[in-house]
Amino acid sequence: DLAAAGISNFAAALAAVARLEDDRRNTVIAGWVDVAAASAGDLTGVVLQQIDPWPYQHRVAEIMQGPPRLLAGDTSIREAAMLMRDEGMECVFVRLDAASAGADRSADTSQLDCLGIVSERDIVLAMATPLEALETVRSMPLSGLASAPLVHVRTDDFLHTALGRLRRHDIRHLAVADAEGRLVGWVSARALLQQRISAAAD
């Protein structure tokens with residue numbers, strides 16, 4: 001039902017088609033067979049066997065991690081590293097707008113365009129520096145290390161969309177937003193691989 005899907009006019013229909021095309025493109029980038037582009041005559045048993053149904057059957061909400069940790073932009077790399085170690089987190093999110101200085105760590109997460117992400121790998125690479133410069137690096141603000149703009153998926157996206165975006169942007173972590181656009185967690189390439197291995201073993 002188009003009305004139930006929020007499609008009430010031609011512009012809304014075009015936007016819905018564009019979203020479907022984005023999902024199809026992400027699928028191809030992720031390495032899956034482009035079923036939509038294949039003709040009916042090409043869908044042989046050999047081609048169908050190449051399609052892994054798992055990323056089309058499960059959604060991001062099933063494997064996402066959270067809640068996210070949101071830090072002020074002037075938080076030092078040292079503080080962030082200690083927090084990630086103590087809480088067993090593989091990434092943190094960073095407020096990059098001017099109002100972030102000294103912001104509370106439970107600050108609003110609704111403005112995804114004001115956020116960046118720092119992963120454990122980012123910190124390891126930053127620390128790979130001569131010993132005499134190490135203290136300077138540890139004192140650097142996270143805002144100088146964060147990756148932005150924040151690449152994200154929605155909680156209700158299928159996993160093939162997440163796979164496609166990880167591959168297209170050559171990254172290991174994706175932010176996850178809810179239906180209202182609020183940051184609610186993250187999904188990692190590591191978690192996707194672990195879940196896929198577990199599903200194959202079942």
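## Exercises on cores, sheets and a charged contact

In the largest nonpolar core, which has 14 residues, Leu-71, Ile-77, Val-92, Val-118, Ile-123, Leu-142 and Leu-145 touch the most other members. A nonpolar core here is a set of buried Ala, Val, Leu, Ile, Met, Phe, Trp, Tyr and Cys residues joined through side-chain atoms within 4.5 Å; buried means under 20% relative accessible area, with a 1.4 Å probe and protein chains only.

Before you start: this is a predicted model, where local features need pLDDT of at least 70, side-chain atom pairs count only at pLDDT 80 or more, and totals for chains, interfaces and linings use all residues. Residues are numbered from 1 along each chain as its sequence is written, and side-chain values use heavy atoms, with hydrogens and water left out.

**Exercise 1.** Find which elements give two or more residues to the largest core.

*Solution.* Start with the elements: helices (H or I, at least four residues) and strands (E, at least two) are DSSP runs, numbered from the N terminus. Helix 4 (77-87), strand 2 (91-95) and helix 5 (120-127) each give two or more residues. Helix 4 supplies the largest share of this core, four residues. Next, turn to Leu-145: beyond its neighbours within four places in sequence, its contacts (heavy atoms within 4.5 Å) are Ile-77, Val-118, Asp-122, Ile-123 and Ala-126.

**Exercise 2.** Work out the strand order and the edges of the sheet that contains strand 2.

*Solution.* Two strands pair if DSSP finds at least two bridges between them. With that rule, the order is 1-2-3 in an open sheet with mixed pairing. Strand 1 (70-71) and strand 3 (115-119) are the edges, each pairing on one side only. Strands 2 and 3 run antiparallel and are joined by five bridges; in one of these, Cys-91 has Ser-119 of strand 3 as its partner.

**Exercise 3.** Do the same for the sheet that holds strands 4, 5 and 6.

*Solution.* This open sheet has the order 4-5-6, again with mixed pairing. Its edge strands are strand 4 (152-154) and strand 6 (183-188). Now look at one pair: strand 4 and strand 5 (residues 173-177) are parallel, over three bridges. Val-153 has Val-176 in strand 5 as its bridge partner.

**Exercise 4.** Which ring does Arg-59 lie over?

*Solution.* The test is that NZ of Lys or CZ of Arg is within 6 Å of the ring centre and within 35 degrees of the ring normal. Arg-59 lies over the face of Phe-158, at 3.8 Å from the ring centre.

Definitions and conventions. Buried means under 20% relative accessible area, exposed over 50%, partly exposed in between (1.4 Å probe, protein chains only).
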